[in-house]
Amino acid sequence: MISLENFLTLFKNKRKAHKTLLYINSKLGVLESFYNCIEEIEDSLRICADPDQAFDFFQRFLENTTAKSTLFEIIRVSKFYRNLLFNIFAQSNSLSLLLINHSEYFYWLLEDLVSNKTKHIFVEEISKLIRSKKTLDEKKYILREYRKKEYLRIASKEISKICKSQEVYLELSELADACLEIAIDIAFSEKKLKEKKFCIISMGKLGARELNFSSDIDIMFVHDNFDYAQEYNKIAQYIISIISDVQFGSFVFRVDTRLRPFGNNSSLSLSVDEYENYYFSFGQVWEKFALTKARFSAGDKDTASRFFSVIKPFIYTKNIDINYIEEVRSMRYKIKHEKLSNYKNNLINPLKINVKLGLGGIREVEFIAQYFQLIYAGKDTSLQTSSTLDVLDTLYNKKYLKQAKKLKACYLFLRLVEHKIQLKDEKQTADLPSNIEELEIFAKKFNLKADEFLKIYSKITDSVHEIYKSIFYAHNIPFFSPIEILEDFFEEEFSDYKQIAIQLSDIARKSKFAKTSPTFLTNAIDKTYLHLKNIPKNLNSKLFLNVISGFNSILPTYYDTFFGNDYIFNTLLLAFSIGLHQKLQQYSFLIDEFFYIDQPLEIIQLSKQEKERLEFNLILKLLSGNLDKKNKKILSVFAQKYIQHTITKLQIKDLIVLAYGKLGIEELFVNSDLDLVFLAKTVDDKKIYEVSNLVRELNKIYSVDLRLRPFGEKGLIVSEIDYFRSYLAKYAKDWEKLAIQKARIIYSDIDCDLTDSINEFARFIDKKSIREMKELIEKHKGFDIKNERGGIVDIEFILQYLCIQNNCFEFGKSVEEMIDKISYIKEVRFLKAVYVYFTRILNLTRLIPNDIKDKLVVLKFLLKQDNLEIKIKNLQNKVSKMFDMYFKE
């Protein structure tokens, strides 16, 4: 037998539990009976959600019951009722207090728990109880107490898990219908009105026969005899008083009548004709949604039948109304910003704390069901039902919505969570516990730990919300909707959703084309959204804003061409996302280059505008994957011709221009520097002035880098040829030997051949120097595919080394031309392919604005490669191993 010391280990507050034990012994004198059942009690407390609360309520219940020995006998022999008792104490304060104040109810449960009552049975039982009561207060008291007692029975069925949740909802709804029926009888009896063409139409959860433990009941009063309108209105007021008046701290049900026409500004009871006139003259879309749950609850069935025959044509039409989706968006937006915006919580997503109204919550399932009813129920009457569960079954069985079965399972789970929340204090709330201690207790009601519950809850709400978005948001962006709907649409995926909404709203408002022919523009924005929505939230906003700004800068006359051609549009999307629309604003003539993406580039003139055109077209080719070897050289060819043209224009004679770096290997790209070295037979002040003037002219459209000249910035801007030869032989560093291997002469009017002396100088590779250079180069931060280990520089070093080793180095030839001679080497073919791939990535990286830190994410988007990082890393590892192999000590 368990000791009292071990028994106390069940509790968080052991001191209080010990006092309770002392109280049971000293005040109640039943310690022996308690001790004889201690193992059974310990067993039930261990599995209940909150042993401390359960034990405290048990002591109070034990104190009030007059049948203590009977209670302990039940505890000893019946595990089912023992567990039920302690689970009630652990899960519901309101039901626990009811049992404490009416201990006889527990013994009543032993006989009546498993019964399943209908409205008819409830009405019969209540009628018997109030038949002998003469005053209104007595009847109201009976109705209140009966409801509380039946709530205990119905809740106990759910707590003990002896029935499905749907049965609980139904029985609670039947109980409410019965109470309304009795209230009608009392009201007509008190008012002595014999004319009874009057009924109650329920809506909301009661209308759906899915009432919660703490729901208010949404009802409308309907009469069918205009002559008695005033009397019926008094009857309605009387019924509300009977049902909702608080006396002695309790009521039958909370009543909400605001769903009637004109809300609180109209009479409580309206005639069938008045309902008809209102709905067909003033009825709004949200009222159609609400009326899908309308159902007869009490009163005259004929009046109800006439009511439904009148309003169903308003609710269910055979023509689909495009405003339905817009209305759901609007209602969801109001809920999110009016009901959920003030939630703050570090434990649970604030927008999910409320099980009913939160993202992926009960309301979203209801919106989905009601939407499909309004769309299809005009033709398919099987959908004309007030039950959300029945609608979901029909949607699945008739293949209207394949996710309906999943939605139903999610809905039942969420409703159970809501029930458990409301069971605690019978309060009208759907908020999950806000701290970890309370959440641990709450999760235990599902036999889960807090983290396990949150994981399941998050998965279910995510599933519901994804289905919800796929129906109401995935098809198209609400481009012409109010700005708050646009905000709501983008809020979950974009951090700058407000700015995006403003920009889109501005386009919709200003663009004449958007108003007269919106299809191209809306489709383009939809496509952009689908392309960008999965990029991380902190980055996609910037890209999306860039694209929208780009759209806003295009003249509407171009829309059909840009948005109607997928190839052009996809390139446009990539170009605008990285901010190239700003180039269009600066040079409007560049817009035409989108039409020549797949055409070979040709140099038309030598000017700054031509350079801009060539660069812009080259970028478009790179983004579209249409950049071939010939087009790749066009900027190098232009630069060479422009340098020659400028020398001729300035009438400079006796000059050799050596191009290093990207221009040297004919891989000049957008914004690349010109690494130049100038040589002459003789150098004097005039020559220095001429070359300085040449550099100033070139700097107008390029950035000229002269640091590769002999002695760098300490040397003259132009060197004598003989001096240059001498410098290479006596003073040049190893890195200069590597640099000149990628150089070539791009201009010369001197009869002088430097090839032999440079070849002799450059045919040298010092492994130690290269290792030291690599150590310096690799001291960088962030993503750098050029300099980091296994990157482009490593490939260049290896290829240069292989060219020297295999005697294929020749000054003036590109690395690509040289390695073609040794392409029979497997490593060379691999390195060449990786070099081309890495160069493309490098050029794309340089196009991404500097204020975007996570360039890899943007690269994945531009290249459409989700595994880009892994692919790059694998290739770098292979290159790095080859580098170590060739340049090991």
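Colleague: Which helices do the buried residues of α40 pack against?

Modeller: In this predicted model, the buried residues of α40 pack against α38 (734-740), α41 (792-805) and α45 (868-886). Those buried residues are Ser 769, Ile 770, Arg 771, Met 773 and Lys 774, in a helix that covers residues 767-777.

Colleague: What makes a residue such as Arg 771 of α40 count as buried?

Modeller: The cut-off is a relative accessible area under 20%. Arg 771 is listed among the buried residues of α40. Across the chain, 57% of the 889 residues count as buried.

Colleague: Why is Gln 247 called partly exposed?

Modeller: Its relative accessibility is 22%. Buried needs a value under 20% and exposed a value over 50%, so Gln 247, at 22%, counts as partly exposed.

Colleague: Where is Gln 247 found, and what is it in contact with?

Modeller: Gln 247 is found in the loop between α14 (229-244) and β3 (255-256). Leaving aside neighbours within four places in sequence, Gln 247 is in contact with Asp 137, Lys 140 and Arg 144.

Colleague: What makes the pairing of the Gln 247 and Arg 144 side chains a polar contact?

Modeller: The distance joining the two side chains is 2.8 Å, and the cut-off is a pair of N or O atoms within 3.5 Å. The value of 2.8 Å falls within that limit, so the pair qualifies.

Colleague: How do you know that the chain is more spread out than a compact globule?

Modeller: Its radius of gyration is 41 Å, whereas the globule rule gives 29 Å for 889 residues. The value is well over the rule, so the chain is called more spread out than a compact globule. Along its principal axes, the C-alpha trace spans about 130 × 75 × 45 Å. As an example of separation, Gln 247 and Leu 802 lie 97 Å apart, C-alpha to C-alpha, and 555 residues apart in sequence.

Colleague: Now to a helix pair. How do α19 and α23 cross, and which residues make the contact?

Modeller: The axes of α19 (residues 362-376) and α23 (residues 450-472) come within 9 Å and cross at roughly 35 degrees, and the crossing is left-handed. From α19 the contact includes Phe 367, Ile 368 and Phe 372, and from α23 it includes Val 464, Ile 467 and Ile 471.

Colleague: How many nonpolar residues does the contact of α19 with α23 have?

Modeller: There are ten nonpolar residues, with one polar and one charged. Glu 364 of α19 is one of the contact residues, and Glu counts as charged.

Methods
Residues are numbered from 1 along each chain as its sequence is written. This is a predicted model: local features need pLDDT of at least 70, side-chain atom pairs count only at pLDDT 80 or more; totals for chains, interfaces and linings use all residues. Side-chain values use heavy atoms; hydrogens and water are left out. Axes are lines fitted to C-alpha atoms, for helices over the stretch in contact, and angles run from 0 to 180 degrees between N-to-C directions. Helices (H or I, at least four residues) and strands (E, at least two) are DSSP runs, numbered from the N terminus. A crossing is left-handed if the near helix is turned anticlockwise from the far one by less than a right angle, and right-handed if clockwise. Contact means heavy atoms within 4.5 Å. Buried means under 20% relative accessible area, exposed over 50%, partly exposed in between (1.4 Å probe, protein chains only). A polar contact is a pair of N or O atoms within 3.5 Å; within protein, one must be able to donate a hydrogen and the other to accept it, and residues adjacent in sequence count only if both atoms are side-chain atoms. The radius of gyration is taken over C-alpha atoms; the globule rule is 2.2 Å times the number of residues to the power 0.38.
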